[in-house]
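Me: I would like to go through a protein model with you. Could you show it first, please?

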Amino acid sequence: MPAWTCKPHAELTTAELYAILRLRSEVFVVEQHCVFLDMDDKDLQGQTEHLMAWKDGALLAYCRLLEPALNDGRAIIGRVITAPAARGTGLGHELMRRAKQEAQRLWPDQPVYLGAQARLKNYYGGHGFVPVTDEYMEDGIPHVGMLLQEAA
C-alpha cells in the first residue's frame, strides 16, 4: 500500500520535486512523445498542491492541483500520471478519488476541471467528469475539457 501525501509547492523537498519532474518527463515526453515545456511555472504558482503516492522511495502516482483564483474560478486537476510499473493496480483510480477529495478540501464548493486526453474521456467520466468542450489539440494529442459533476 503506498503512502499518500499532498503538499503545497513550498514544502516539496528537492528529492520530491526531482521525482515529480522525472516521472512527468518519463511518461509525457518520452513515452507519449510530447515535446513540450512541462515546467510551465504553474508548479510554483499561488496555492498549487502536489498529490503523490510513494512506495519504497519510488513515486508511483502524481497529480497537481491548481487553485481556482488563478484559473477562472475553477480548481484544476492536471499532470495526472501513474508510473508504468504501477499501472493496472487500481492506483490511478485511487489517485483520482484522492485528487477530487483534496480539491474539495482545499477549495470547497469550487468547480473542478481537467483537460483530459480524449482517449481517456470514459475513464474520467467514471469519476464524475463530463465533457464541457469540443476536442482540441494539445501537444499533438487530442484533449477534451471536463468538469466534475458530482461531489468528491
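Reply: The following turns take up the fold, one residue and the largest pocket.

Me: Before that, what kind of model is this, and how are residues numbered?

Reply: This is a predicted model, in which local features need pLDDT of at least 70, side-chain atom pairs count only at pLDDT 80 or more, and totals for chains, interfaces and linings use all residues. Residues are numbered from 1 along each chain as its sequence is written, and side-chain values use heavy atoms, with hydrogens and water left out.

Me: How many helices and strands are there?

Reply: The protein chain has three helices and eight strands. These are DSSP runs numbered from the N terminus, where helices are H or I with at least four residues and strands are E with at least two.

Me: In what order do they run?

Reply: Starting at the N terminus, the order is β-α-β-β-β-α-β-α-β-β-β. The radius of gyration of the protein chain is 14 Å, close to the 15 Å that the globule rule gives for 152 residues, so the chain is as compact as a globular protein of that length. That radius is taken over C-alpha atoms, and the rule is 2.2 Å times the number of residues to the power 0.38.

Me: Now Met96: is it buried or exposed?

Reply: Met96 is buried, with a relative accessible area of 0%. Buried means under 20% relative accessible area, exposed over 50%, and partly exposed in between, with a 1.4 Å probe and protein chains only. Met96 lies in helix H2.

Me: Which residues does Met96 touch, apart from its neighbours within four places in sequence?

Reply: Met96 is in contact (heavy atoms within 4.5 Å) with Ile77, Val80, Leu114, Tyr123, Tyr124, His127 and Phe129.

Me: Different topic: how much space lies in the largest pocket?

Reply: About 900 Å³ lies in the largest pocket. On a 1 Å grid over the protein atoms alone, a pocket is an open set of points where a 1.4 Å probe fits, with protein on both sides within 12 Å along at least five of seven lines; lining residues have an atom within 4 Å of a point. The volume is the space filled by probe spheres set on the points, which are joined across faces, edges and corners.

Me: Which residues are closest to its centre?

Reply: Of the 40 lining residues, the closest to the centre are Phe28, Arg79, Val80, Gln117 and Tyr124.

Me: Which element gives the largest share of the lining?

Reply: Strand E4 (75-82) gives the largest share, seven residues.
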